[in-house]
Amino acid sequence: MTMHTRSLGTTGPQVSALGLGCMGMTALYGDADPSESIATVHAALEAGVTLLDTGDFYGMGSNELLIGEALRTAPPARREQALTSVKFGALRDPAGNWTGYDGRPAAVRNFAAYSLQRLGVDHIDVYRIARLDPAVPIEETVGAVAELVEQGYVRHIGLSEVGADTIRRAAATAPISDLQIEYSLISRGIEHAVLPTTRELGIAITAYGVLSRGLISGHFSADRQLPATDFRAHAPRFQGENLRHNLSLVEELRKIAEHKGVSVAQIAIAWVLAQGRDIVPLVGARTRERLAESLGALDVTLDAADLAAIERAVPATAAAGDRYPAAQMAHLEP
């Protein structure tokens, strides 16, 4: 395995070709083992992964505390290579419900103060609002993050799950390093307008959901029982006939993977890597075993024939069901 680097846009830092999405270590996918999660972060850093992604609302701050502990206990050289990517702005209540988004400048500063403390760092490398606050112009939110950059608390400004118009408005306000957005073989909505816009403006993509929350990992089965605390128990793509259809796509992908002697997850991640050097996939591994499998995608080379075969097996609009429940889809820009 060779860990190459990619740049987060024309204004962002050099990062590893794969990043580690840490959300599942404390939130939304059922119970996780904190000690294994920390060991997985350490293994990722040891393998050359530099980008660690979190959100201050993942586990109501517990995800940041876990990453902070992992960084504190990592060897100094590995700790120094780590770059933190943090989302803010999503509001929760004590029962864990989602209650909206807050992009007011005062809230931005407040969120940042808590994140710095929980992570145990003096700056955040990439800071972004998780979803657009419809009550606050993106210029005001980005302007507040730009002030944090000037003060040394943030290094680079990112965006998350916004459309082309918002990207342009944000970029006209301050330099934007990257857009974090879902992108995978079965989530290709960015290809029409968003990806051309980011490429025009020199903004990178950090792609989450590259295995569609495990759906196209090759490890998910139709009879798997999910606890109510698992996001996927309520996600349309994991329900009934949608699930059966989507898993049939995975079986077609499995044939290609087996022909190349790799796993389904590896070929799915390699496909995202092959879409351009301006795209950095975030892998959501919660264990060292799954991390090792994901890192193996770096050694998978897809030629034109491979890409054509994958396209036939999983066409761009082949997935059944939305990627979020309806209430959450309402917060996403087209």
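Helix 4, spanning residues 105–119, is a good place to start: its 15 residues reach 21 Å from the first C-alpha to the last, close to the 21 Å expected at 1.5 Å a residue. Keep in mind that this is a predicted model. Besides that helix, the briefing covers the cavities and two non-glycine residues with positive phi, Met60 and Glu161.

**Helix 4 and its buried face**

- Buried residues in helix 4 are Ala107, Val108, Phe111, Ala112, Ser115, Leu116 and Leu119.
- Look down the axis of helix 4 and those buried residues fall within an arc of 165°, so they line one face of the helix.
- The spacing fits a general rule: an α-helix has 3.6 residues a turn, so residues three or four places apart point the same way.
- As for partners, the buried residues of helix 4 pack against helix 2 (62–73), strand 5 (83–88), strand 6 (90–92), strand 8 and helix 5.
- Right after helix 4 comes Gly120, with a positive phi near 70°.

**Cavities**

- The structure holds 3 cavities of 30 Å³ or more, and the largest has a volume of about 40 Å³.
- Lining that largest cavity are Phe88, Tyr127, Arg128, Ile129, Ile138, Thr141, Val142, Val145, Ile157, Gly158 and Leu159.
- Sorted by class, the lining comes out as 8 nonpolar, 2 polar and 1 charged residues.
- Three elements each supply at least two lining residues: strand 8 (124–129), helix 5 (138–150) and strand 9 (154–160).
- Helix 5 gives the most to this lining, with 4 residues.
- Strand 8 and helix 5 turn up twice here, since they help line the largest cavity and also pack against the buried residues of helix 4.

**Positive phi outside glycine**

- For background, most residues other than glycine have a negative phi.
- Met60 isn't a glycine, yet its phi is positive at about 50°.
- You'll find Met60 in the loop between strand 4 (51–55) and helix 2.
- With 46% relative accessibility, Met60 counts as partly exposed, because that class sits between the 20% and 50% cut-offs.
- Glu161 also has a positive phi of about 50° without being a glycine.
- Glu161 is placed in the loop between strand 9 and helix 6 (164–173).
- Glu161 has a relative accessibility of 1%, so it counts as buried, the cut-off being under 20%.

Note on methods
Residues are numbered from 1 along each chain as its sequence is written. This is a predicted model: local features need pLDDT of at least 70, side-chain atom pairs count only at pLDDT 80 or more; totals for chains, interfaces and linings use all residues. Side-chain values use heavy atoms; hydrogens and water are left out. On a 1 Å grid over the protein atoms alone, a cavity is a set of points where a 1.4 Å probe fits but cannot get out, and a pocket is an open set with protein on both sides within 12 Å along at least five of seven lines; lining residues have an atom within 4 Å of a point. Grid points are joined across faces, edges and corners, and a volume is the space filled by probe spheres set on the points. Ala, Val, Leu, Ile, Met, Phe, Trp, Tyr, Cys and Pro count as nonpolar, Asp, Glu, Lys and Arg as charged, and the others, Gly among them, as polar. The expected span of a helix is 1.5 Å times one less than its number of residues. Buried means under 20% relative accessible area, exposed over 50%, partly exposed in between (1.4 Å probe, protein chains only). The arc is that of the directions from the helix axis to the C-beta atoms. Contact means heavy atoms within 4.5 Å.
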